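Thanks for coming. I have one structure to go through this morning, and I will keep to what was computed from the atoms. Here it is.

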Amino acid sequence: MFLTKNISKTQRYMFSTSQQEKLIFIAAGSPSHDLQASRFMQSLNENSNNEYTFIGIGGPLMLQQGLRTSYDNMNKFLDKPFFPLKNFLRFHIARAYHPYMAYTHYANSKVLRHLRKETNLFEDIVNKNKVPSAFITFGNEFFMQKLYVDVLETFEVNKLLKPPTFFYNRSRFFQRYEFMEYLDHFFYTIPEVQYNYFNNFQFPSTCVGHEGVGRAIQYLFQKSKAHPNNLASQNSLRIAKDPQQHKEIVEKLVQEQRNISRKELNIPEKQHVFLLVPGNTKNEIKFAVKLLSKTITEFFKIPQLQNVSKQDFSIIITADSAENKSYIDGLLSQNPINGLQVHTVNGEEEKFAAMCAADVGIPMNGEVVSECAALQLPSVIISNMPFVWAYLNQLYNNFNSDINYSIKGEAYHELISTAANPYKLADEIFDIYNDSKLRYHFADRYANVIHEMIPKNLTSSSASTELMNLGKVEIEERGYSYNIMSNKVLKAARAYDSLDKNVPHFKLNEIRNEKLLKSAF
């Protein structure tokens, strides 16, 4: 086991809160987590008025949000590796000898070896002026467990009070027991999913869902002319406490915005609109746009559509940045979608407007799938997963999207790897085109999950009000994922900052349990 060298006794007891720089350690466990971690950092900066400086492991988006020191290259981690969430023996999957996980463990070991031998990370975090007030890590539990072991044993060896520790991942239920020893709190995105003998396993945790779900509902509330505008703010939402009532309210608001969005995009009501949400990396965008171009050709070869005019259809493609919008426009010039009008839009509000205007969604697997479900858009999920991982996904998991894990079934069909081909996708979107009632079927299947993906505020309240011709509706206060997370981490970090660090080492555990954890949580 790696342990850092002891710092001197004099240095150990010379903590001064007035001189000590306030730090938070943050680490992204894959390139995909760079976005999630950066949004958390942005929220924490806003809530704390830039009180804390960030150090850790991150990428370009985290650097933009103020990551001062990155101790290693985040791109050494595998991006979106296959991970079995069911039908497996947890003990074996965590071991390096497991053939399906060996590459993941190898990539993790390179980063950990670099941190131990070629950086000053473990010396820095116990330096009197560099002790982080909190640790939070995102994804890649196998690496993060080993990192936390080294970090917290470094504090123990140097007889220092351990800061509060947090971890963000898809689900709390699949974490290994030994990981719990090093964590104070879990943030997880998949609400109430359960498959195996972890049924009785509990740990302090918060379901934060997906940020985009809350923002989609916020968009509906703020844009609606019929809805009270005091139910949505920058940091909170007030939604119906009953999931079915919430679903009915969203249905009315989506219809309202559908008409507005179609007018803005000059799309006639009679047109059938396909929406492509192609991801945020160039590889994902290229894969999705090429797939759609070929799919539309196959779609109009279906016998039932031989007498249907292409003028009755149009396409919207969303981009998350001006750069990606330009890239999409370039791909469309190389892979034209003949006979159909194509609209490309850029920005979050424009994306939500397009979801309201569309009849069929084709999202790349990720949080955007939950946004489609939140706005009740019938969708087919596509994923550019390597063939071997796709095979293993079918062998172990059956499905890969968080939204389907949540309902323990597949409502939105998932096309992964070789299944994400023009012929299969054309058949799937035809099924949705041919049966308009599927919109209500999907909305019913996902109603409870979507409701839970909008997290409760730390101090939640409820009240009754007249709403959307539904009579008296009981509403409760909810929040947004990163705001909930940042407030909880901020509270714990400030609790740690307020404690006297100059205490005898034999009282450290007592102070941590009785003062830090009780104040923080």
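Let me start with Asn-266, which is exposed, at a relative accessible area of 60%. The reason for picking Asn-266 is its backbone: phi is positive, about 60 degrees, although the residue is not a glycine. You will find Asn-266 in the loop between α9 and β9, the strand covering 272-277. Bear in mind throughout that this is a predicted model.

There is another case of that kind. Lys-408 is not a glycine either, and its phi is near 55 degrees, again a positive value. Lys-408 also lies in a loop, the one between α15 (402-407) and β14 (413-416). Its relative accessible area is 46%, and because exposed needs over 50%, Lys-408 counts as partly exposed.

Next, the interior. How many cavities of 30 Å³ or more does a search of the whole structure find? The search gives two. I will only describe the largest cavity, which has a volume of about 70 Å³.

Which helices each supply at least two residues of its lining? They are α9 (243-264), α13 (367-374) and α17 (438-452). Of these, α17 gives the largest share, four residues. The lining as a whole consists of His-246, Lys-247, Val-250, Ala-373, Ala-374, Gln-376, Ala-443, Tyr-446, Ala-447 and Ile-450. By class, that lining divides into seven nonpolar residues, two polar and one charged.

On to helix α5, residues 102-118, as a geometry check. With 17 residues at 1.5 Å a residue, α5 should span 24 Å. The C-alpha atoms at its ends are 24 Å apart, so the model agrees with the expected span. Several residues of α5 are buried: Thr-104, His-105, Ala-107 and Asn-108, then Val-111, Leu-112, His-114 and Leu-115.

Last, cysteines. A disulfide is a covalent bond between the sulfur atoms of two cysteines. Taking a pair of cysteine sulfur atoms within 2.5 Å as the criterion, the count in this model is zero disulfides. Two cysteines are worth pointing out for their accessibility. Is Cys-207 buried or exposed? Its relative accessibility is 16%, and since the cut-off for buried is under 20%, Cys-207 counts as buried. Cys-372 is buried as well, at 0% relative accessibility.

That is what I have; I can put any of these residues back on the screen.

Definitions and conventions. Residues numbered from 1 in each chain as written. Predicted model: local features only at pLDDT ≥ 70, side-chain atom pairs only at ≥ 80, totals over all residues. Heavy atoms only, no water. Expected span 1.5 Å × (residues − 1). Buried < 20%, exposed > 50% of the residue type's maximum accessible area, 1.4 Å probe, protein only. 1 Å grid on protein atoms, 1.4 Å probe; cavity = no way out; pocket = protein on both sides within 12 Å on 5 of 7 lines; lining within 4 Å. Points joined across faces, edges and corners; volume = space filled by probe spheres on them. Nonpolar A, V, L, I, M, F, W, Y, C, P; charged D, E, K, R; others polar.
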